[in-house]
Amino acid sequence: MKAAIPFVHIVPAAVFLLALLTAAGCGSPQEVAPPLAGAPAAPKEERPPLFTFGIVYPMAHPFYEEITQLAEKAAEPFSIQLIVKAPEEINLEQQIRMMETMIKQRVDAIAIDPIDSRALVPVINKAVEAGIPVICFEADSPDSKRLSYIGTDHFQAGTAMGGVIERLLKGRGMLLVQTGLAGMEIQQARLEGLLLYLEKHTDIQVMEVRYHEGSSEQALADMEAMIDDHPHFDALVSMDIISGSTSVLVWKAKGLNRDAVAFGLTPEIKEAVHNGQIASVISQNEQDWEHLLIEPLLKATQKIAVPAFVDTGIQEIKKEKQAVAR
């Protein structure tokens, strides 16, 4: 894999924290001295932030850029600075170093989507022991001292994917599957949920499963190879956002008249559903993540309790633009 180049995005924010903390009904908000009567307000860009929050993604991708934009909107009513980082490609060592940097910068709280739930335990614990609360989102690190996990049950998400495939293929046919890192727990959980559902409830045959290990180039080569090796396949399942992006490229290039199903509602997947390249997508309700990230971080800085698990749920988005809640 080529050397990863960190992606960094710093988001300035705005005004105040009082409304949220008053609504929470717990604890006292941080006191901020009011301006002197008649004194002109400081220009918006000169106001120092009350808090600095770090967000660490597993890689740079348009999917996470959209999440950043949503988080930016959620931070706008408060005086918050967001420092957002991600390796250019999935890279565990880079993600650990980014966490180390945020600890040295003494950010007020961190949200991380961990690449490896076990390997991230020491650095997550280091942050917490330094007084920096940490929440995990999309993927969890349950053995760490993280405060909360915000995401879905990925085994159930895979099961839901199995139900979608059963409906599309009417319980029979040949399936190709592509997913991400073989050692990433959320990928394995989704895959296990899918395969177990198909085995128990259908006569669908899974012809091949391939892992691209975080490489877009490998994803493209593997997907084309699977299609060449199994030309009579009936559907393809993309279990992560790299595979989903790749399937859109392949369907456009080859003009395939087969069912493609994806996981994760990225901007290009939305367009592909609308255009008919993707038959169905399992979404983690990504449109709600901005509040699910910013509000727990705000509460954590004020030592207000947050749930250990916040279920984002899932829903199926189909070509007809119907959403089926799960």
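A residue counts as buried when its relative accessible area is under 20%. Keep that cut-off in mind for this tour of a predicted model.

**Stop 1: strand 9**

Select residues 235–238, which form strand 9. Which residues are on each side? Ala235 and Val237 lie on one side, and Leu236 and Ser238 on the other. These four residues are all buried, so by the 20% cut-off each has less than that share of relative accessible area. Both faces of the strand are therefore covered. The general pattern behind this view: side chains in a regular strand alternate between the two faces of the sheet.

**Stop 2: the neighbours of strand 9**

Add residues 172–179, strand 7. Strands 7 and 9 run parallel, joined by four bridges. Look for Leu176: Leu236 of strand 9 stands opposite.

Now add residues 259–263, strand 10. How many bridges pair strand 9 with strand 10? There are four, in the parallel sense. Val237 has Val261 of strand 10 as its bridge partner. Trace the chain between these two strands. It leaves strand 9, passes through helix 8 (residues 241–254) and arrives at strand 10. This β-α-β crossover is right-handed.

**Stop 3: from strand 7 to strand 8**

Return to strand 7 and select strand 8, residues 203–211. Eight bridges pair strands 7 and 8, again in the parallel sense. Find Gln178, which stands opposite Arg210 in strand 8. The route from strand 7 to strand 8 goes through helix 6, and this β-α-β crossover is right-handed.

**Stop 4: helix 6**

Select residues 185–201 to show helix 6. How far apart are its end C-alpha atoms? They are 24 Å apart. That agrees with expectation, because 17 residues at 1.5 Å a residue should span 24 Å.

Next, colour the buried residues of this helix. They are Ile186, Gln187, Ala189, Arg190, Leu191, Gly193, Leu194, Tyr197 and Leu198. What do the buried residues of helix 6 pack against? Their partners are helix 5 (154–169) and strands 7, 8, 9 and 10. The strands from the earlier stops thus return here as packing partners of helix 6.

**Stop 5: the whole protein**

Zoom out and show everything. The secondary structure comes to 10 helices and 14 strands. Of the 326 residues, 53% count as buried. Now consider contacts between residues at least 6 apart in sequence: 72% of them join residues at least 24 apart. Finally, switch on the surface. The protein exposes about 14900 Å², and carbon and sulfur atoms supply 53% of that area.

Methods. Residues numbered from 1 in each chain as written. Predicted model: local features only at pLDDT ≥ 70, side-chain atom pairs only at ≥ 80, totals over all residues. Heavy atoms only, no water. Buried < 20%, exposed > 50% of the residue type's maximum accessible area, 1.4 Å probe, protein only. Pairing = 2+ DSSP bridges. Right-handed = clockwise from strand over helix to strand, strands pointing away. Expected span 1.5 Å × (residues − 1). Contact = heavy atoms within 4.5 Å. Areas by Shrake-Rupley, 256 points an atom, 1.4 Å probe, with all protein chains shown as cover.
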